[in-house]
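Colleague: I'm new to this structure and would love a close look at a single part of it. Could you walk me through one pocket and then show me a sheet to go with it?

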Amino acid sequence: MKSICSFVLVFLIVIVSLVNVTYAELVPLELYWGKERGDNFTTATKEGAQAAINAGYKYVRIEGYVFPSKMDNTVPLKLFWGRERGDNFTTATKEGAQAAINAGYKYVRIEGYVYPAKYCQ
């Protein structure tokens, strides 16, 4: 596990260097787990973290880092909530957002901003 974490950290440093970003500009994208619902919930906002805790979710780990505000070439990381399934859904694509809406999910908020996949390949 240590080698994987080292790789992820090095990868993050390389990406941050390539896009000329400082760590101070990024915020953690936190993963929470709701055992009762069997649901993962990722958030980068104080409102999201508090909502997760209030709903009985437990903090698991930091999944990565996102920008708290729009930067050049970034897209919003949107959170949706599906009441019928008791499920959170986070996406950064138009297709993902449309699929969520088509499945009855409701838009909640933007959790942060990320680079689209085409910048990560």
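Modeller: Happy to; here is a tour of the second largest pocket, followed by a short visit to a sheet. Please keep in mind that this is a predicted model.

The second largest pocket has a volume of about 180 Å³. Its lining is made up of Val75, Pro76, Lys78, Ala92, Thr93, Lys94, Ala97, Tyr115, Pro116 and Ala117. If you sort that lining by class, you find seven nonpolar residues, one polar and two charged. Among the lining residues are the lysines Lys78 and Lys94, as well as Thr93.

Which elements of the fold supply at least two residues each to this lining? They are strand E4, which covers 75-82, and helix H3, which covers 94-102. Of the contributors, E4 gives the most, with three residues.

Now for the sheet. Three strands form an open sheet in the order E2-E1-E3, and their pairing is antiparallel. Strand E2 (39-43) and strand E3 (58-66) are the edge strands, each pairing on one side only. From one strand to the next, the twist averages 25°.

To follow one of these pairings in detail, start at strand E1, residues 27-34: E1 and E2 run in the antiparallel sense and pair over five bridges. A handy place to look is leucine 31, which stands opposite threonine 42 in E2.

Note on methods
Residues are numbered from 1 along each chain as its sequence is written. This is a predicted model: local features need pLDDT of at least 70, side-chain atom pairs count only at pLDDT 80 or more; totals for chains, interfaces and linings use all residues. Side-chain values use heavy atoms; hydrogens and water are left out. On a 1 Å grid over the protein atoms alone, a cavity is a set of points where a 1.4 Å probe fits but cannot get out, and a pocket is an open set with protein on both sides within 12 Å along at least five of seven lines; lining residues have an atom within 4 Å of a point. Grid points are joined across faces, edges and corners, and a volume is the space filled by probe spheres set on the points. Helices (H or I, at least four residues) and strands (E, at least two) are DSSP runs, numbered from the N terminus. Ala, Val, Leu, Ile, Met, Phe, Trp, Tyr, Cys and Pro count as nonpolar, Asp, Glu, Lys and Arg as charged, and the others, Gly among them, as polar. Two strands pair if DSSP finds at least two bridges between them. Axes are lines fitted to C-alpha atoms, for helices over the stretch in contact, and angles run from 0 to 180 degrees between N-to-C directions.
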